[in-house]
Amino acid sequence: MEKLLEILSDIRPDIDFANEEGLIDNGLLGSLDIMSIVAELTDEFDIVISPADIIPSNFNSAKALWAMVERLK
């Protein structure tokens with residue numbers, strides 16, 4: 001989870017990923033941010049994130065992202 005927060009902070013240092021629960025719902029992440037996150041997570045954790053995984057519920061919080069990473073490992 002620590003590495004995930006580091007990756008997210010590198011992409012968008014202006015967002016408090018540790019506490020934010022509505023990254024998508026509140027419009028904090030745009031499509032380019034999401035594509036950057038997908039690319040970084042794919043490289044860092046050696047996982048494949050399919051288009052079916054790119055849904056708001058998987059990207060609304062760092063916890064949701066981490067759950068997706070764990071599931072895809």
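## Helix α1 and its two sides

In α1, the buried residues are L4, I7 and L8; buried means under 20% relative accessible area, exposed over 50%, and partly exposed in between, with a 1.4 Å probe and protein chains only. Looking down the helix axis, these buried residues of α1 fall within an arc of 95 degrees, so they line one face. That arc is taken from the directions from the helix axis to the C-beta atoms. Flip to the other side of α1 and you find E2 and D10 exposed.

This is a predicted model, where local features need pLDDT of at least 70, side-chain atom pairs count only at pLDDT 80 or more, and totals for chains, interfaces and linings use all residues. Residues are numbered from 1 along each chain as its sequence is written, and side-chain values use heavy atoms, leaving out hydrogens and water. Helices (H or I, at least four residues) and strands (E, at least two) are DSSP runs, numbered from the N terminus.

## What α1 packs against

The buried residues of α1 pack against α2 and α4. Take L8: skipping neighbours within four places in sequence, L8 is in contact (heavy atoms within 4.5 Å) with F17, I37, A62 and L65.

## The nonpolar core

The largest nonpolar core (buried Ala, Val, Leu, Ile, Met, Phe, Trp, Tyr and Cys residues joined through side-chain atoms within 4.5 Å) has 19 residues. At least two of them come from each of α1 (2–11), α2 (31–45) and α4 (62–72). The top contributor is α2, with 5 residues.
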